[in-house]
Amino acid sequence: MGIESSAHTFGVGIVDNGRMLANEKMMYDVGTHGMIPAKVAETHVKNAGTVIETALGKAKVSMREIEGVGYTKGPGIGACLQIGQLAAKTIAIGLGVKITPVNHAVAHVEITKHESKMKDPIALYVSGGNSQILKLAQTPFPHYQILGETFDVGVGNMLDAFAREIKLKPAWGSTVAKLAANGRYVEMPYTVKGMDFAFTGLLTYASELAGKRSNEDLCYSIQETSFSMLCEATERALLLTNSDELELCGGVAQSSRLQEMLRSVCKEHGMRFGVAKNEYNADNGGMIAYVAERMLKKGASETIAKCDIQQKYRIDKAVVV
Amino acid sequence: MRKLSEGAEAKVFSTRLFGVDAVVKQRHAKAYRIKELDETLRATRTKKEAKAMLRAYEAGVNVPRILGVGKFSIYMERKSGRLMKDSRMKDMDFRKLGSLLALMHGADVVHGDFTPANVMIHGKELCVIDFGLSDISSSVEDKALDLLLMKRSVGEPQYRIFARAYAKGLSNSKQILARLAEVERRGRYQTRTLA
């Protein structure tokens with residue numbers, strides 16, 4: 001069983017030998033205000049039991065059949081992470097089974113790699129808080145090396161912040177995309193340095209144009225500019241590492257426009273492109289269960305006392321088993 | 001025209017122009033991005049690259065001479081020789097390289113990708129190529145990043161020879177080397193290996 005609670009989603013997944021039996025979730029309603037950590041944590045506490053029960057029912061297994069448990073150690077919001085951690089520890093102690101912490105970003109990359117049957121892809125991981133270009137490296141230990149990343153905010157948070165600025169309704173990613181469909185291009189700041197990129201200049205510029213240009217034009221331009229930045233950096237990483245596979249994962253991977261653009265990058269060089277089903281791109285417990293099962297099978301468990309959380313648990317610090 | 005190399009944003013072909021061996025670097029269209037953005041990026045980057053090369057040339061740095069500039073392409077003289085990274089690098093070469101970068105920085109040309117992969121050796125001559133990520137900038141930070149990239153690309157003793165020659169050739173080098181130390185202390189550069 002895997003438990004995810006790094007942000008607004010409390011998710012529980014159950015896997016059996018890599019086969020997903022259940023992937024259930026309940027979410028905190030971000031409304032128009034975004035996430036208030038204490039409120040999100042409170043919601044997770046309220047929902048935890050229900051989500052666990054629903055997942056067990058869906059998987060048609062009883063609690064006693066659970067052989068191991070994993071939870072998200074980070075990165076994420078401290079107050080939220082703690083709820084998943086506590087639930088996982090309680091289950092591990094109650095059932096007397098092994099437990100392992102899981103890196104949230106590793107889980108997104110690994111489930112997508114598994115779903116799209118790739119061997120050694122470059123991964124573009126894009127979500128609210130994260131935007132990174134990754135590749136598995138073996139030294140000094142097996143980990144995802146960060147080839148490029150955002151210098152400031154994640155692309156998802158940038159789009160959300162802009163959408164709030166022009167008073168759009170959530171879910172912001174999709175409302176921006178909807179307006180963008182009827183927009184025309186306005187030139188905006190474009191910041192790529194090698195395989196790294198920055199978004200705050202773009203956000204400030206677009207926000208200052210609010211009211212002066214139509215929301216359609218602004219949404220179209222901010223989306224095209226930020227996604228083009230991601231594509232350019234990713235293409236550079238693919239060519240520099242001689243890779244022939246690209247996977248896209250994380251919440252923003254649900255964008256059909258971003259998928260279309262990266263497919264075009266891959267097509268130009270005869271590379272394979274892969275993206276998981278949207279249920280895995282959004283935060284979910286299934287991906288945590290998938291990685292935890294593999295870790296526990298290979299003996300990578302942790303003692304209860306050492307099962308901590310870490311808000312800034314960077315992906316290159318996590319051992320990939 | 002024969003294709004010599006292909007990167008993420010440009011292709012380099014060999015050709016002849018005005019009776020001399022030349023290469024042409026073309027920034028090709030990218031199908032993934034919208035036409036307006038694509039053309040703006042390609043045009044501004046081509047202009048910027050040509051400007052930086054010209055300025056470096058005027059400062060006395062050995063760079064390929066520009067023969068012509070189009071909207072998305074730069075024609076330049078073809079330099080013979082081998083890439084520094086593919087040849088046996090002597091201490092003398094690193095001394096020369098340090099002086100070259102000092103000359104460039106003195107003229108506010110920041111290369112942006114200053115590694116032995118972008119320097120050619122022909123006999124005793126060093127030639128700096130690929131100004132694709134370059135910029136005209138007086139920023140101490142930008143210049144420090146040129147040093148950082150070279151430091152990460154070569155061995156410690158070679159870097160020291162390089163840095164000594166650089167320090168000698170530039171009046172405000174002390175400031176730039178101090179900034180480099182500061183950049184290296186920052187978290188993200190400590191935990192991340194440069195690709």
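**Exercise 1. Which elements of chain B do the buried residues of α3(B) pack against?**

Before we start, keep in mind that this is a predicted model.

*Step 1.* Find the helix. α3 of chain B covers residues 140-153, which makes 14 residues. From its first C-alpha to its last it reaches 20 Å, close to the 20 Å expected at 1.5 Å a residue.

*Step 2.* Pick out the buried positions. They are Lys143(B), Ala144(B), Leu145(B), Asp146(B), Leu147(B) and Met150(B).

*Step 3.* Look for their partners. The buried residues of α3(B) pack against three helices, α2 (91-106), α4 (156-169) and α5 (173-185), and against the strand β7 (109-110), in chain B.

**Exercise 2. Work out the strand order of the open five-stranded sheet in chain A, and name its edge strands.**

*Step 1.* Lay the strands side by side. The order is β8-β7-β6-β11-β12 in chain A, and the pairing is mixed.

*Step 2.* Check the two ends. β8 and β12 (272-275) of chain A each pair on one side only, and these are the edge strands.

*Step 3.* Add the twist: from one strand to the next, it averages 25°.

*Step 4.* Zoom in on one pair. β11(A), residues 245-249, runs parallel to β12(A), and four bridges join them. As one example, Glu247(A) has Gly274(A) in β12(A) as its bridge partner.

*Step 5.* See what lies across the sheet strands. Helix α3 of chain A (residues 104-115) lies across β6 (122-126), β7 (131-137), β8, β11 and β12 of chain A, and runs at about 125° to β11(A).

**Exercise 3. Describe how chain A is divided into domains, and how these domains touch.**

*Step 1.* Set the bounds. Domain 1 takes in 2-107 + 280-317, while domain 2 is 118-275.

*Step 2.* Take the separation. The centres of the two domains of chain A, over C-alpha atoms, are 26 Å apart.

*Step 3.* Count the contact residues. Domain 1 of chain A contributes nine residues and domain 2 of chain A contributes 16 residues.

*Step 4.* Sort one side by class. Where domain 1 of chain A touches domain 2 of chain A, its residues are seven nonpolar, one polar and one charged.

**Exercise 4. Which element of chain A gives the most to the side that touches chain B?**

*Step 1.* Begin with the totals: the contact takes 22 residues from chain A and 15 residues from chain B.

*Step 2.* List the contributors. β8 (143-149), α7 (215-240) and α8 (256-269) of chain A each supply at least two residues.

*Step 3.* Rank them. α7(A) gives the most, with nine residues.

*Step 4.* Finish with the classes. The side of chain A that touches chain B has ten nonpolar, five polar and seven charged residues.

Conventions:
Residues are numbered from 1 along each chain as its sequence is written. Chains are lettered from A and ligands numbered from 1 in the order in which they are written. This is a predicted model: local features need pLDDT of at least 70, side-chain atom pairs count only at pLDDT 80 or more; totals for chains, interfaces and linings use all residues. Domain bounds come from an automatic or database domain assignment. Two residues are in contact if their C-beta atoms, placed from the backbone, lie within 7 Å. Ala, Val, Leu, Ile, Met, Phe, Trp, Tyr, Cys and Pro count as nonpolar, Asp, Glu, Lys and Arg as charged, and the others, Gly among them, as polar. The expected span of a helix is 1.5 Å times one less than its number of residues. A residue is buried if 20 or more other C-beta atoms lie within 10 Å of its own, exposed if 12 or fewer, and partly exposed in between; C-beta atoms are placed from the backbone. Two strands pair if DSSP finds at least two bridges between them. Axes are lines fitted to C-alpha atoms, for helices over the stretch in contact, and angles run from 0 to 180 degrees between N-to-C directions.
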